[in-house]
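Colleague: Could you walk me through the pockets of this model, and tell me what lies behind each label?
Modeller: Gladly; here it is.

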Amino acid sequence: MKLKGLLFIGIILLVIGIILKKASQLEVLGLVLIITGVTFKTIYILAKVKSGDYQPGKEMLFLLFGLILFLTGLYLRSVDQALINPIYLIVLGLSLKVIFIIKFILIVRANKKLE
């Protein structure tokens, strides 16, 4: 249960950071909360790998491509270009990251049922 708390705190910090960055003048604090939330979520995934509850597989490609598309979309928002609307890349990247999270949860739950 201790690790789940780390995951949920990471998600909460990420959401609060996004809200602060978008809806207030506290952009630096928002960025710090986003980075801290992502770090907590990464620690959770690495702890699951280390404990053997999760064996990374092809679903990691969803995470990798999701991050690449998401970060590319964020970069293109700040660049004056007419090739593609960056929001499409951001939404697609977030969707792939959500697919990874769902697959991750299903794999961890299936491993727990086998024990």
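Colleague: Which element gives the largest share of the lining of the largest pocket?
Modeller: That is α2, with nine residues. Keep in mind that this is a predicted model.

Colleague: How do you know that a residue belongs to that lining?
Modeller: A lining residue has an atom within 4 Å of a pocket point. For the largest pocket, 32 residues line it, and L14, V38, K41, F70 and K97 are the ones nearest its centre. The elements giving two or more residues to this lining are α1 (2-23), α2 (27-51), α3 (59-77) and α4 (86-114).

Colleague: What volume does the largest pocket have?
Modeller: Its volume is about 1,100 Å³, while the second largest pocket has about 220 Å³.

Colleague: How do the residues of the largest pocket's lining divide into nonpolar, polar and charged?
Modeller: There are 26 nonpolar residues, one polar and five charged. Lys counts as charged and Leu, Val and Phe as nonpolar, so K41 and K97 fall in the charged group, and L14, V38 and F70 in the nonpolar one.

Colleague: And which residues line the second largest pocket?
Modeller: They are K4, L7, F8, Y44, F104, I105, V108, R109 and K112. Two or more of the lining residues come from each of α1 and α4, and α4 gives the most, with five.

Colleague: Why is Y44 put with the nonpolar residues there?
Modeller: Because Tyr counts as nonpolar in this scheme, Y44 goes into that group. The lining of the second largest pocket then has six nonpolar residues, no polar ones and three charged.

Terms used:
Residues numbered from 1 in each chain as written. Predicted model: local features only at pLDDT ≥ 70, side-chain atom pairs only at ≥ 80, totals over all residues. Heavy atoms only, no water. 1 Å grid on protein atoms, 1.4 Å probe; cavity = no way out; pocket = protein on both sides within 12 Å on 5 of 7 lines; lining within 4 Å. Points joined across faces, edges and corners; volume = space filled by probe spheres on them. Helix = DSSP H or I, 4+ residues; strand = E, 2+ residues; numbered from the N terminus.
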